[in-house]
Amino acid sequence: MRDITRQHLAPGTMLPAEAEMTFKYAVGRATVREALRLLEAQGLIALKPGPGGGPEVAQLTPRHFGDMARLHLQMADATYEELVHARLSIEPLMAGLAATNRDPAGAERLQRALEETKSVDLEDDDAYMASSRTFHSTITGISGNRVLDLFSVALKEIMDSEVEPAYTAPEDRALVQKAHEDIAEAVLAGHAEKAEHLMRAHMKEFADTMEANQPGFMRRPIEWTWPK
């Protein structure tokens with residue numbers, strides 16, 4: 001992992017062959033194989049079979065982090081209600097940070113996400129959910145804090161992989177869309193307190209809706225599942 005990060009190896013880059021690794025790291029073949037299996041299970045590398053195959057750097061995503069976090073959340077007997085309330089604490093903070101950060105590239109990303117939000121077909125479940133994911137991941141992604149970004153997106157990935165849509169009626173989704181637009185405008189204007197306040201109200205409304213419509217799901221313990 002040190003070599004991958006220090007050399008800034010991009011996804012798809014082939015790593016040295018097994019024999020070369022045993023020499024380079026002064027370990028046995030069994031140790032190399034076990035280490036590669038561990039990294040593969042974490043989603044950090046992929047093992048390509050066949051001629052010309054071998055270990056290569058994988059495209060790591062917050063989903064991989066979320067998959068491993070599920071194990072710890074299951075052992076802690078954590079519920080989806082606790083997960084939702086964790087997001088309610090984290091995401092308002094990140095909206096405020098995004099407004100304070102005011103990175104030009106981030107502002108452009110958010111503007112694109114805002115345009116996607118405005119143009120989405122509210123009767124199309126997949127399009128609506130994708131638009132919502134894009135908006136929230138953009139806000140956290142432009143916050144300037146990579147640790148909080150990783151945690152926040154991973155928590156949303158865990159939630160989205162299990163939950164039914166909180167809002168199904170087009171008129172309810174239109175209200176969500178308007179909330180996203182208001183938050184984005186506050187962030188783009190650099191109004192940190194307003195952005196944080198609006199995101200907190202938005203996430204609180206989401207939590208209340210989940211409590212009212214899917215109480216059984218909210219009380220369910222989080223369980224690890226085989227990564228898809």
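Reader: Which residues line the second largest cavity?

Author: In this predicted model, the lining consists of Thr 117, Val 120, Tyr 128, Ser 131, Ser 132, Val 176, Gln 177 and His 180. Helices α7 and α9 each supply at least two residues of that lining. The space inside is about 50 Å³.

Reader: What makes a residue count as part of a cavity's lining?

Author: A lining residue has an atom within 4 Å of a cavity point. Thr 117 and the others named for the second largest cavity are on its lining list, so each of them has such an atom.

Reader: How many residues of each class does that lining have?

Author: The lining of the second largest cavity has 3 nonpolar, 5 polar and no charged residues. Val and Tyr count as nonpolar, and Val 120, Tyr 128 and Val 176 are in the lining.

Reader: What about the largest cavity?

Author: That one holds about 210 Å³ of space. It has 18 lining residues, and the closest to its centre are Ser 132, Lys 156, Ala 166, Tyr 167 and Phe 206. Helices α7, α8, α9 and α10 each give two or more residues to the lining. By class, the lining divides into 10 nonpolar, 4 polar and 4 charged residues. In total, the structure holds 3 cavities of 30 Å³ or more.

Reader: Why is Met 203 called buried?

Author: Buried means under 20% relative accessible area. Met 203 has 2% relative accessibility, so it counts as buried. Met 203 lies in helix α10. Not counting residues up to four places away in sequence, it touches Arg 87, Leu 88, Glu 91 and His 136.

Reader: Why is the pair of Phe 65 and Phe 151 called edge-to-face?

Author: Two checks settle that. Ring centres must lie within 6.5 Å to pair, and here they are 5.3 Å apart. Planes over 60 degrees apart count as edge-to-face; these planes are at 80°, so the label fits. Phe 65 belongs to helix α4 and Phe 151 to helix α8, 86 residues apart, so the pair links distant parts of the chain.

Reader: Are those two rings buried or partly exposed?

Author: Partly exposed is the band between under 20% and over 50%. Phe 65 has a relative accessible area of 31%, so it is partly exposed. Phe 151, at 43%, counts as partly exposed too.

Reader: How do you know that Arg 70 and Glu 162 form a salt bridge?

Author: The cut-off is a side-chain nitrogen of Lys or Arg within 4 Å of a carboxyl oxygen of Asp or Glu. The closest N and O atoms of Arg 70 and Glu 162 are 3.6 Å apart, and the pair forms a salt bridge. Arg 70 sits in helix α4 and Glu 162 in the loop between α8 and α9, 92 residues apart. At 2% relative accessibility Arg 70 counts as buried, whereas Glu 162, at 23%, counts as partly exposed.

Reader: Which residue meets Glu 162 in a salt bridge at 3.3 Å?

Author: Arg 220 does, with 3.3 Å from N to O. Arg 220 is in the segment after α11, 58 residues away from Glu 162 along the chain. With a relative accessible area of 34%, Arg 220 is partly exposed.

Reader: What separates Arg 112 and Glu 108 in helix α6?

Author: About one helical turn, because they are 4 residues apart in that helix. They form a salt bridge, with the closest N and O atoms 3.3 Å apart. Exposed means over 50%, so Glu 108, at 51%, is exposed, while Arg 112, at 48%, is partly exposed.

Note on methods. Residues are numbered from 1 along each chain as its sequence is written. This is a predicted model: local features need pLDDT of at least 70, side-chain atom pairs count only at pLDDT 80 or more; totals for chains, interfaces and linings use all residues. Side-chain values use heavy atoms; hydrogens and water are left out. On a 1 Å grid over the protein atoms alone, a cavity is a set of points where a 1.4 Å probe fits but cannot get out, and a pocket is an open set with protein on both sides within 12 Å along at least five of seven lines; lining residues have an atom within 4 Å of a point. Grid points are joined across faces, edges and corners, and a volume is the space filled by probe spheres set on the points. Buried means under 20% relative accessible area, exposed over 50%, partly exposed in between (1.4 Å probe, protein chains only). Contact means heavy atoms within 4.5 Å. Rings of Phe, Tyr and Trp (its six-membered ring) pair if their centres lie within 6.5 Å; planes under 30 degrees apart count as stacked, over 60 as edge-to-face and the rest as tilted.
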